[in-house]
Amino acid sequence: MAAPILVTGGTGTLGRLVVPRLQAAGHEVRVLSRGHRQAGEGVEVATGDLDTGEGVDAAVAGAGTIVHCAGASKGDEGKAANLVRAATRAGARHLVYISVVGADRVPQTGRLDRTMFGYFGSKLGAERAIAGSGLPWTTLRATQFHDLILLVVSQLARLPVVPVPAGIRFQPVDTGEVADRLVELALGPPSGLVPDLAGPRADELAGLLRSYLRATNRRRPIIRVHVPGRAARALRAGANLAPDRAVGRRTWEEFLAERLGSPAGDGAGPA
Ligand SMILES: NC(=O)c1ccc[n+]([C@@H]2O[C@H](COP(=O)([O-])OP(=O)(O)OC[C@H]3O[C@@H](n4cnc5c(N)ncnc54)[C@H](OP(=O)(O)O)[C@@H]3O)[C@@H](O)[C@H]2O)c1
C-alpha cells in the first residue's frame with residue numbers, strides 16, 4: 001500500500017480543506033493534531049505537539065510526503081524545527097510548507113515589530129528550517145485567507161467605534177484555492193520556493209470591514225490609526241502583498257456573499 005500523506009494542522013482552516021482533496025486524489029491521509037479539534041472522515045489521527053516534539057516521531061513514521069499546515073501566531077520556527085528533525089529521522093521524501101507573503105520583507109528589528117508582527121519573522125524562521133533541512137521541500141507563500149480576515153473584521157465590528165491600521169492593505173485569498181494549490185504541489189516533485197499565491201484585489205482593512213458591515217447590514221464609525229515601527233512601515237509599503245501574483249479568483253465580496261448570504265459586490269461603499 002502507498003505511504004500515507006501526513007497533514008500537520010489537518011484540523012485547521014486550511015488543513016481541513018487539504019485533507020479531503022488528498023483523499024479525493026486517492027491518498028491515505030494521517031493528521032497530526034494536539035487533539036483539540038475534530039479531524040475529518042476516514043482520517044487517521046496522530047496525537048502530537050509540534051511545540052514540544054511530543055508524538056511527532058510516531059506521526060511522521062512511514063509518511064512519504066508531509067504537508068505542514070500547522071501554525072499559530074507565534075513559535076512556528078520551533079514547530080518546523082521539531083518537524084524537520086523527526087522527518088529527517090523517518091526519511092521523509094517531500095516536505096511541503098505553507099508560509100506567508102512578506103515573510104522575508106517585514107523587519108523584526110525592534111520589540112514593537114516583534115510584538116505586533118513577529119508572525120512574519122516566525123514564518124521566515126520556519127521557511128529557513130525547512131530549506132536548510134536537507135529534505136526535499138516545497139514552500140508556498142500565500143496572502144491572508146478570507147477566513148482570517150472574516151474573523152478579524154467580525155471581532156472588530158463588535159466595537160461601537162472601530163480602530164483600524166491606516167495604510168496597511170491586505171490581498172485576501174480564498175482558502176480553498178490555497179488548498180488546491182498546496183495539494184497540487186504535494187502531489188508534484190519537490191520544487192523549492194514556488195511563486196506566491198495572492199488574492200485578486202488588495203484593500204485597506206477599513207475597506208474590507210466596510211464590505212463586511214454592508215453584508216451584515218450594520219454601520220460603524222471607523223478610525224484609521226497610525227501604527228508605529230519599521231514592520232508597520234514595510235506593511236504600509238505593501239510588504240505583505242503580491243500584486244504580480246494576484247492569481248486568486250474569488251473576491252472578498254464573493255466570499256462574503258456566499259458565507260453570509262448577501263449579494264456579491266454589495267460591499268464597496270462607505271459604512
Ligand atoms: N490564515 C491565513 O491568513 C494564512 C495566510 C498565509 C499562511 N498561513 C499559514 O497557513 C497555515 C494554516 O493556517 P490556518 O489559518 O489554517 O490555521 P488555523 O486554522 O489556526 O489552524 C492551525 C492548525 O495548526 C495546528 N497546530 C497549532 N499548534 C500546533 C502544535 N503546537 N502542534 C501541532 N499542531 C498544532 C492546529 O491543530 P490542533 O489544534 O488540532 O492541534 C490546527 O490544525 C499556518 O501555518 C499559517 O501560518 C495562514
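Is Asp57 buried, exposed or partly exposed? With a relative accessibility of 38%, Asp57 counts as partly exposed; here buried stands for under 20% relative accessible area, exposed for over 50%, and partly exposed for what lies in between, using a 1.4 Å probe and protein chains only. The model is a predicted one, so local features need pLDDT of at least 70 and side-chain atom pairs count only at pLDDT 80 or more, while totals for chains, interfaces and linings use all residues. Residues are numbered from 1 along each chain as its sequence is written, and side-chain values use heavy atoms, with hydrogens and water left out.

Start with the sheet. It is open and built from 7 strands in the order β3-β2-β1-β4-β5-β6-β9, with parallel pairing. Two strands count as a pair if DSSP finds at least two bridges between them, and the elements themselves are DSSP runs numbered from the N terminus: helices are H or I with at least four residues, strands are E with at least two. The edges are taken by β3 (44-47) and β9 (192-193), which have a single partner strand each, so one side of each is left without a neighbour in the sheet. Strand β2 (residues 29-33) is joined to β3 by 4 bridges, and the two run parallel. Along this pairing, Arg30 stands opposite Glu44 in β3.

Helices come next. Helix α3 (residues 76-90) packs on the sheet and touches β1 (5-8), β4 (65-68) and β5 (94-100), where a contact means heavy atoms within 4.5 Å. The direction of α3 makes about 175° with that of β4; axes are lines fitted to C-alpha atoms, for helices over the stretch in contact, and angles run from 0 to 180 degrees between N-to-C directions. Helix α4, in turn, lies across β4, β5 and β6 (137-142), and runs at about 160° to β5.

One residue of α4 (residues 111-131) to look at is Lys123. It is buried, with a relative accessible area of 4%. Leaving aside residues up to four places away in sequence, Lys123 touches Asp76, Tyr97, Ile98, Ser99, Val100 and Ala103.

What about charged pairs? A search of the whole structure finds 14 salt bridges, each being a side-chain nitrogen of Lys or Arg within 4 Å of a carboxyl oxygen of Asp or Glu. Asp57 forms one of them with Arg89, and the closest N and O atoms are 3.1 Å apart. This pair links distant parts of the chain, as Asp57 sits in helix α2 (residues 56-60) and Arg89 in helix α3, 32 residues apart. Arg89 is exposed, at a relative accessible area of 58%. Arg250 and Asp174 make another salt bridge, their closest N and O atoms being 2.6 Å apart. Here too distant parts of the chain are linked: Arg250 belongs to the loop between α8 (230-236) and α9, Asp174 to the loop between β8 and α6, with their positions 76 residues apart. Both Arg250 and Asp174 are buried.

In helix α6, Arg181 and Glu184 form a salt bridge as well, with 2.9 Å between the closest N and O atoms. Being 3 residues apart in that helix, Arg181 and Glu184 are separated by about one helical turn. Arg181 counts as partly exposed, at 23% relative accessibility. Salt bridges with shared partners also join Asp51, Asp76, Lys79 and Lys123 into one network.

Helix α5 (residues 146-156) has buried residues and a bit of surface patch to show. His146, Asp147, Ile149, Leu150, Val153 and Leu156 are buried in α5. Their cover includes β7 (162-165), β8 (169-170), α6 (175-186), α7 (205-215) and α9 (252-260). Val152, also in α5, is partly exposed, with a relative accessible area of 31%. Together with Leu148 and Leu151, Val152 forms a nonpolar patch on the surface, with about 240 Å² of accessible area in total.

Finally, some distances. Thr109 lies in the loop between β5 and α4. Its C-alpha atom is 7.4 Å from that of Arg230, although the two residues are 121 residues apart along the chain. Thr109 touches Arg114 and Arg230, not counting residues up to four places away in sequence. Ala58 is found in helix α2 and counts as exposed, at 57% relative accessibility. From Ala58 to Arg214 it is 48 Å, C-alpha to C-alpha, and 156 residues in sequence.

Methods
Patches are made of residues with over 30% relative accessible area and no salt bridge: like charges are joined within 9 Å, nonpolar side chains (Val, Leu, Ile, Met, Phe, Trp, Tyr) within 5 Å. Accessible areas come from the Shrake-Rupley method with a 1.4 Å probe; for residues, only the protein chains shown count as cover.
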